Amino acid sequence: MSEAAYGRLKSKKRKDRTANLITLVVVVLFAVLVLFPIWWIFRTSLMTNAEIYKYPPSLLPADWLFSNYRKTLEIFKFWKYLSNTMIIIVPSCLAGTFTATLCGYAFARLRFRGKKVIWALCVGSMLLPAMVTLIPLYIGWTRGLGLHDSYLPLILPYFCGGGAFNIFLIRQFIVSIPRELDQAATIDGAGYFRILFSIIMPAIRPAMIVVALFIFIGLWNDLLQQMIYINASDKYTIALGLTNFRGQLKQDWSLTMAATCMSFAPGVIFYLVGQKYFVEGITLTGMKS
């Protein structure tokens, strides 16, 4: 290698290291910006109310009062709210993921009359704001079916496809799977369901986990619909319970922040468990159409 070529290579490596360093610094800064509110909530939950209003504020509590969480649990029915939330989320995640897989498989592999029109309507429905259908759905569930103060209006929709975006996500994954696998299985005598369960579903496991994550996060944070359909306090979910708890305590921010930390912790844990599949699912969704 000539001296000039060696110099150019060395200069390129130096530029690459500088670019990587700048990228790392930017990523760290953005990570700090994202995580800082979470840290602020956590440190507030470990302080006294007097310390919270102290100026200038401190990043660390003077005394780490984990006893605030014990006091919070005496007032905030966390375990009751968590079990109520799971009553909604578990069947919704299971049914929503399974039915979205069935629908995605039908759109990706099967031939039937009106397929393109139905697919266009399905994708187009993602552009429809949720607020537009809120009142008609409420009237249908309550006046039409008499489901007052019930979890069913929050669960049953996930038995009917799991949502347009979830169907779209599953369909995109299935389209990326070579059809030759289906044809080989058909030659061996496998039917549609055998192909789905033995070939397609193992191959699209990341997409199915992503769908379950989306459903979990959506229901965990869905305060509006839970507020509309659930009235009895003994049926409150985490979102409703936390909202009611904040209203009761008013200015007791240490206990309020402790309840907030406990409320978002299960969601964060669930996301961290499936984050690898979440990233993979988002990356591969738009590869083929």
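Visitor: Which residue's side chain meets Arg109 in a salt bridge?
Guide: The model is predicted, and its local features need pLDDT of at least 70, side-chain atom pairs count only at pLDDT 80 or more, and totals for chains, interfaces and linings use all residues. Residues are numbered from 1 along each chain as its sequence is written, and side-chain values use heavy atoms, leaving out hydrogens and water. A salt bridge is a side-chain nitrogen of Lys or Arg within 4 Å of a carboxyl oxygen of Asp or Glu; at 2.7 Å, N to O, Arg109 is paired in this way with Asp182.

Visitor: How many residues apart are Arg109 and Asp182?
Guide: Helices are DSSP runs (H or I, at least four residues), numbered from the N terminus. Arg109 belongs to helix 4 and Asp182 to helix 9 (residues 179–187), so that the pair links distant parts of the chain, and the separation is 73 residues.

Visitor: Is Asp182 buried or exposed?
Guide: Relative accessible area decides this with a 1.4 Å probe and protein chains only: under 20% is buried, over 50% exposed, and in between partly exposed. Because its relative accessibility is 9%, Asp182 counts as buried.

Visitor: Which residue forms a salt bridge with Arg70?
Guide: Arg70 and its partner both lie in helix 3 (residues 67–75), 4 residues apart, about one turn of the helix. Arg70 is partly exposed, because its relative accessible area is 48%. The closest N and O atoms are 3.4 Å apart, and the partner is Glu74.

Visitor: Which residues does Phe197 touch, not counting those up to four places away in sequence?
Guide: Phe197 lies in helix 10, and at 41% relative accessibility Phe197 counts as partly exposed. With contact meaning heavy atoms within 4.5 Å, Phe197 touches Phe98 and Pro202.

Notes. Helices (H or I, at least four residues) and strands (E, at least two) are DSSP runs, numbered from the N terminus.
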